[in-house]
Amino acid sequence: TILYSVQIKTQQMNKKEICMNPKIRHALLVSTLSLGTIAALAMTGCSESDDPVSNQQDQEQELGQEQEVSQSITEIAAADDNFSTLVAALQAAGLDKTLAGEGSFTVFAPVDDAFAALPEGTIEALLADPEGDLTNILTYHVIGSVVKAEEVVGLTEATTLQGSKISIEVVDGDVILNGSIKVTSTDIIANNGVIHVIDGVLLPTAEDNSDDEEVKEDEESQM
């Protein structure tokens, strides 16, 4: 009201009268500063949270994340065409149920091209022996805990469910497993663990297999 009164009165006076009257000049200055302060406060109150479009986008993003995390490792792999061979192998070995159930797993998941690069007839031979070499190889791709990318880069090795260890090193910014297998994508989050995509199939060495057999023999002899 005061600001409005000052503005009305000054409109009725000429420029010379305003300039000659120090009280009027002071009132105008105060009114101008007050209007600027009010405008600044009004703009400060307008944040991104007041934007309905922004709020809707945030909610949709959160919903998408919740939907993604609601899937198991097996479900995520089955929904991705790049993992069709891996999923078929898991199903043949009965490990698809394991990776769909409760637990905390890290899976280094080879893409279809990685399996295709194996010598001819290898996949068929593995599928024909699901409880032997196939299970041995698949469990060599799984760690029994959640290890995200930020942790992987700090490791030099990791023990798998198969019992043998995978060597880990960072070369020119890339994570390399067993000296040649590259991690191409990381941290695909599931409700029971995490998937890291790799461009090759990890194969336990003959030495690893012999060590496992010795451990089993020792355990049996102690029973």
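Start by selecting Leu177, and look across to strand S6: Leu177 stands opposite Ile181 there. Strands here are DSSP runs of E, at least two residues long, and helices are runs of H or I with at least four, both numbered from the N terminus. What you have open is a predicted model, where local features need pLDDT of at least 70 and side-chain atom pairs count only at pLDDT 80 or more, while totals for chains, interfaces and linings use all residues. Residues are numbered from 1 along each chain as its sequence is written, and side-chain values use heavy atoms, with hydrogens and water left out.

**The sheet**

Now select S5 (residues 174-177) and S6 (residues 181-190). They run antiparallel and are joined by 2 bridges; two strands pair if DSSP finds at least two bridges between them. Zoom out, and you get an open sheet of 7 strands with mixed pairing, in the order S2-S1-S7-S6-S5-S4-S3. Strand S2 (142-143) and strand S3 (157-159) are at the edges; each has a single partner strand, so one side of each lacks a neighbour in the sheet.

**Loops on either side of S5**

Pick Asn178, in the loop between S5 and S6. Its phi is near 50°, a positive value in a residue other than glycine. At 29% relative accessibility, Asn178 is partly exposed; buried means under 20% relative accessible area, exposed over 50%, and partly exposed in between (1.4 Å probe, protein chains only).

Next, jump to Asp172, in the loop between strand S4 (165-171) and S5. Asp172 also has a positive phi without being glycine, near 55°. This residue is exposed, with a relative accessible area of 79%.

**Salt bridges**

How many salt bridges does a search of the whole structure find? It finds 2, counting a side-chain nitrogen of Lys or Arg within 4 Å of a carboxyl oxygen of Asp or Glu.

- Select Lys182 and Asp174: their closest N and O atoms are 3.6 Å apart. Lys182 is partly exposed at 31% relative accessible area, and Asp174 is partly exposed at 28%.
- Select Lys165 and Glu157: this salt bridge is 3.0 Å, N to O. Lys165 is partly exposed at 45%, and Glu157 is partly exposed at 40%.

**The cores**

Time to go inside. A nonpolar core is a set of buried Ala, Val, Leu, Ile, Met, Phe, Trp, Tyr and Cys residues joined through side-chain atoms within 4.5 Å. The largest one has 27 residues, and Ile73, Phe83, Leu86, Leu99 and Leu138 have the most contacts inside it. To colour the elements that give it two or more residues, take helix H5 (73-78), helix H6 (84-93), strand S1 (105-110), helix H8 (112-116), helix H10 (130-139) and strand S7 (193-198). H6 gives the most, with 5 residues. A second, separate core has 14 residues, including Ile143, Val175, Leu177 and Val183. So your starting residue, Leu177, belongs to that second core.

Centre on Ile73. Leaving aside neighbours within four places in sequence, Ile73 is in contact (heavy atoms within 4.5 Å) with Leu99, Phe105, Val107, Ala190, Asn192, Gly193, Val194 and Ile195.

Step back to Ser72, in the loop between helix H4 (52-69) and H5. Ser72 is buried, at 2% relative accessible area. With neighbours within four places in sequence again set aside, the contacts of Ser72 are Leu99, Ala100, Ala190, Asn191 and Asn192.

**Down the axis of H6**

Select H6 and show Leu86, Val87, Ala89, Leu90 and Ala93, which are buried. Look down the helix axis: the buried residues fall within an arc of 160°, so they line one face of H6. That arc is taken over the directions from the helix axis to the C-beta atoms. What covers these residues includes H5, helix H7 (95-98), S1, H8, helix H9 (122-127) and H10. Right after H6 comes Gly94, whose phi is positive, near 75°.

**Last stop: a buried charge**

Select Asp112, in helix H8. Which side chain of opposite charge is nearest to Asp112? That would be Lys182, 19 Å away, and Asp112 is buried with no salt bridge. For charges, Lys and Arg count as positive and Asp and Glu as negative, with His and the chain ends not counted. Leaving aside neighbours within four places in sequence, Asp112 is in contact with Asp81, Asn82, Phe83, Ser84, Thr85 and Leu86.
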